[in-house]
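Work through the exercises below with the sequence and the model side by side. Each task is followed by a solution that goes step by step.

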There are 2 protein chains.
Amino acid sequence: MISKPGRGGQHPTMDHVAAAAGVSRATVSRVINNAASVAPAIRETVQRAIASTGYVPNVAARSLVTRRSDSVALVISEPDRPDDHSFLNRIFTDPYFGRVTAGATGALRPHDVHLVVMPAEPSDHHQVVRYLRQGHVDGVLLISSNEHDPLPAQVHALGIPVVLSSRPPGPLPVSYVDVDQVAGAELAAARLLSLGRRRLATINGPLDIPAGSQRLDGFRSYLRDRGVDGVPAVTGDFTRAGGEAAARVLLAADPAIDALFVASDLMAEGALRAVQDHGRRVPEDIAVVGFDDSSVALECRPPLTTVRQPVEEMAAEMAALLMAHIENPSRSPRSVIFQPSLVIRDSA
Amino acid sequence: MISKPGRGGQHPTMDHVAAAAGVSRATVSRVINNAASVAPAIRETVQRAIASTGYVPNVAARSLVTRRSDSVALVISEPDRPDDHSFLNRIFTDPYFGRVTAGATGALRPHDVHLVVMPAEPSDHHQVVRYLRQGHVDGVLLISSNEHDPLPAQVHALGIPVVLSSRPPGPLPVSYVDVDQVAGAELAAARLLSLGRRRLATINGPLDIPAGSQRLDGFRSYLRDRGVDGVPAVTGDFTRAGGEAAARVLLAADPAIDALFVASDLMAEGALRAVQDHGRRVPEDIAVVGFDDSSVALECRPPLTTVRQPVEEMAAEMAALLMAHIENPSRSPRSVIFQPSLVIRDSA
DNA sequence: CTGAAAGCGCTTACAG
DNA sequence: CTGAAAGCGCTTACAG
């Protein structure tokens, strides 16, 4: 007894089907893989045999020879935080990552490729790399925003197809998808200016991640070019609580600000609260523009005017690029940059 | 320096390691799988050979003989909705499913088992079943709340180990994890009564799912036993918008209600808005109790008093049960019921 | 404690 | 268009 029979009885193998159809195993394989060269009559016989035996291919055996697993990893590489009670919880309840997962899943489905979602704190990197090396997946979608994250380079060194969610830190010949961060910040600045606001402030994301620094730079330099200088900025951590705290700091320093650009909707939701707790109305006293157009923008009171980032589409594009690289490993890396747009609601 | 296996380059196999270590392939296999019977000196030699060759086992080959994939599916079976612009989006940004995913991922990690997350609308059932039959995974965690969902029975019929997130509809010999829904509703009712409220109302979940009907029944019968009858109820769909709409209906019917039990925090957040839009204060005019203790409970204004359901722990327990069933397929199915608790914050 | 050998269930050149 | 045969890279009874 080499191995115990499969749960629920023996599964039929390709040999059973071949016997039932009176053909060779090779022919059954060709029918299953839609090889062109099977005679219609035989194809039909085989299909009937497949149906009658209830045959389902064994994926391990197939993978062993094709060297394809038909699955792909979505690695979400995020720094851990001192106050992180639960890293996994933060990742899996974050609306941004949720949208990414939804977009990637949807795009992969027509390819019959499945997604293994792997949140990765720095301490998990080793495990992730080992997993990828073992050939569990055909490629990886790597969500990494931190400039100093070593994972993109490590994954690339594995020689496994990979697509990043933003420009790689340093010269890595790897495909990536991004949104034009600067253009997005400019859209926000222009809106606030057009509303006649001149006492602007901003809550930016962490400066060691491009989405943080580029949105800040874009916002400030657009304003500077139009004569608005010295715009105060406080750094938040892309969480609701971080946005709320940052807004308090800003309000304490200058209670008279009349406009606020917040680098994410989640932070904007927190900021809205701080502003309102401070007794100021939105948008009458302070106009607020967020970034992302995630579902929280609609849940805010008032509904948030925000810079829309088509996250699901971007994730779908990442998946499409990855599939192309898997299909053709010598394909040149390329980047796809999405243009953001302004969604005007009630907050500005 | 280990030579990296370039694109198209050969990964070393077990034979390479065996040759490098001067032993047989079988011995290398034993070292890798921690078989007890390897002499320490040989074990060490083999380990050095593994390191120097950069060998990593091929998982497909291993799976083919062990019949284990070391991954598990998390199937989230949900009805689609007429107004569902994006099913995937709804699933992946739902805080409840996020907590489930986090809990399961964390519990599986020590087993070195990975999670394939599969949202499944009714139209996807066929695909899901096929995926499971192909042996991609060793077992399935099935999140299904709808009483008429055929998937639990279908998956069970596959003979693959499965653990459900609630009592199966009908007599299915399958393990499941649940929270004591009735006890939770009673906790809410008792709290509201203890606050002196007598004009109570409730927003319940869909009645064709146990979490919907049991919370409603538990709430009403607890009150009835204490002389409070005819409590109005409106059904919501467990979304924020659904809760808001339901609260409006309730308020229109009886503007004088002084307490509200809402069957999920997400719906409670919506209800809070409707109540406040209606010019009524929480908790002064209307006390509100939610259900779940998800992160949104803390984000509400005021922070929500709610019935805590330890979702992450429950998901971890599901994972533990599943691993046990995989390890020992003849293990008897069992159910594990968690007791809810009341978390008192500001809304009641 | 270790090795030779069989076998897991497929796919795919290679002939015919 | 079809089949016989080799081979993918492992694990594991079986002998020694």
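**Exercise 1.** Which rotation, and how much shift along its axis, superposes chain B on chain A?

Before solving, note that this is a predicted model, in which local features need pLDDT of at least 70 and side-chain atom pairs count only at pLDDT 80 or more, while totals for chains, interfaces and linings use all residues. Residues are numbered from 1 along each chain as its sequence is written, chains are lettered from A and ligands numbered from 1 in the order in which they are written, and side-chain values use heavy atoms, with hydrogens and water left out.

*Solution.* Superpose the copies by least squares on the C-alpha atoms of residues with pLDDT of at least 70 in both. Chain B then falls on chain A after a rotation of 180 degrees with 0.0 Å of shift along the axis, at an RMSD of 0.1 Å. That is the relation of a two-fold axis. The same surface serves both copies, since 89% of the contact residues of chain B recur in chain A, contact meaning heavy atoms within 4.5 Å.

**Exercise 2.** Describe the interface of chain B and chain A, from its extent to individual residue pairs.

*Solution.* Begin with the residues: 56 of chain B are in contact with 55 of chain A. Next take the buried area, which is the accessible area (1.4 Å probe) that two parts lose on being put together, summed over both; here it is about 5000 Å², with 51% of it on carbon and sulfur atoms. Then search for salt bridges (a side-chain nitrogen of Lys or Arg within 4 Å of a carboxyl oxygen of Asp or Glu). The rule finds 10 across this interface, and 36 in the whole structure over all chains. One of the pairs joins Glu299(B) to Arg240(A), with the closest N and O atoms 2.8 Å apart; this pair crosses from helix H13 (residues 295–299) of chain B to helix H11 (residues 240–253) of chain A. The side chains of Asp277(A) and Arg301(B) also meet in a salt bridge, at 3.3 Å from N to O.

**Exercise 3.** What is the strand order of the open sheet of 6 strands in chain B, and which strands stand at the edges?

*Solution.* Helices (H or I, at least four residues) and strands (E, at least two) are DSSP runs numbered from the N terminus, and two strands pair if DSSP finds at least two bridges between them. The order in chain B is E7-E6-E8-E9-E10-E12, with mixed pairing. Strand E7 (233–235) and E12 of chain B stand at the edges, each with a single partner strand, so one side of each is left without a neighbour in the sheet. The twist averages 20 degrees from one strand to the next, where axes are lines fitted to C-alpha atoms, for helices over the stretch in contact, and angles run from 0 to 180 degrees between N-to-C directions.

Now follow individual pairings. Strand E6 (residues 200–204) of chain B runs parallel to E7(B), joined by 3 bridges, and Ile203(B) has Val234(B) as its bridge partner. Strand E9 (residues 287–292) and strand E10 (residues 305–308) of chain B are parallel over 4 bridges, with Asp292(B) partnered by Arg308(B). By contrast, E10(B) and strand E12 (residues 341–343) of chain B run antiparallel over 3 bridges, and there Val307(B) is partnered by Leu342(B).

Finally, add the helix: H9 (residues 181–194) of chain B lies across E6, strand E8 (259–262), E9, E10 and E12 of chain B, running at about 165 degrees to E9(B).
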